[in-house]
Amino acid sequence: MSSAVFQCAPGSVWVDVAGPMANCLAFLIGSIFVARTDRRSPSRDLLSLFVAFNACWGFGYLMYSAVTDTGDWAFALHAVAPIGWKNAAMRAVCGVSGVVLYVSALRWMRTCLPASWELLAAYIGAGICSLILVLLTDGLSVSPVIEAVNESWGALTGIGVLAVRGRVARDQKLRGRHAA
């Protein structure tokens with residue numbers, strides 16, 4: 001649920017980009033399976049959540065690294081292009097591409113994701129599981145807890161927004177039917 005407790009020594013560019021790249025790859029491969037799965041299949045909900053979570057983590061990390069100048073993408077780009085990464089334009093490209101990919105993935109996924117309450121429960125549950133994992137591994141250490149919150153609830157904010165917006169839209173449709 002969270003890589004906040006996993007640290008690598010000595011660090012490596014390949015190790016730094018492996019996590020976010022694996023998320024992006026899982027999103028792409030999972031999307032193929034979601035597109036080929038029957039809409040009525042219960043396994044489609046689980047697969048769709050898997051794909052959405054990987055999209056949020058993989059693409060959200062681009063934004064996070066661009067804004068905070070930390071995280072896996074920032075560490076890798078510091079090593080590969082230390083002067084270029086300090087350039088605001090390169091960080092802006094990283095951040096904007098993260099926003100575009102994140103929003104595009106969620107727009108596509110919103111038609112595949114489960115109903116609003118189930119989606120909201122998955123969002124909250126993922127964050128709680130990440131925090132429990134960090135607390136069991138590192139105890140009450142502040143830095144890993146903050147990182148777990150960023151990686152779970154922060155990165156998955158789009159899923160929470162989709163859950164709430166889906167609920168509001170459904171309620172508006174129901175009110176419209178009753179008024180007619």
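Helices here, at least four residues of H or I, are DSSP runs numbered from the N terminus. With that in hand, let's walk along α2 in this predicted model.

α2 covers residues 42-68, 27 residues in total. From the first C-alpha to the last it reaches 38 Å, close to the 39 Å expected at 1.5 Å a residue. There's still a kink in α2, about 30°, and G60 sits at its centre. Once α2 ends, D69 comes just after with a positive phi of about 60°.

Next, the partner helix. Packed helices get described by the angle between their axes and the distance between the axes. For α1 and α2, the angle is about 150° and the axes lie 8 Å apart. Over 145 degrees counts as roughly antiparallel, so that's how α1 and α2 run relative to each other. Their crossing is left-handed.

Now for the nonpolar cores. The largest has 26 residues, and F53, L156 and I159 touch the most other members. Five helices each supply at least two residues of this core: α1, α2, α5, α6 and α8. α2 gives the most, with 8 residues. Apart from that, a second, separate core has 7 residues, with V17, A66, W73 and A76 among them.

Here are the helices that feed the largest core:

| Helix | Residue range | Supplied to the largest core |
|---|---|---|
| α1 | 13-36 | at least two residues |
| α2 | 42-68 | 8 residues |
| α5 | 88-109 | at least two residues |
| α6 | 116-138 | at least two residues |
| α8 | 157-179 | at least two residues |

Key
Residues numbered from 1 in each chain as written. Predicted model: local features only at pLDDT ≥ 70, side-chain atom pairs only at ≥ 80, totals over all residues. Heavy atoms only, no water. Expected span 1.5 Å × (residues − 1). Bend = angle between axes of the 7 residues up to and from the residue. Core = buried A, V, L, I, M, F, W, Y, C linked by side-chain atoms within 4.5 Å. Buried < 20%, exposed > 50% of the residue type's maximum accessible area, 1.4 Å probe, protein only. Axes fitted to C-alpha atoms, helices over the stretch in contact; angles between N-to-C directions. Parallel < 35°, antiparallel > 145°, perpendicular 65-115°, else oblique. Left-handed = near helix turned anticlockwise from the far one by under 90°.
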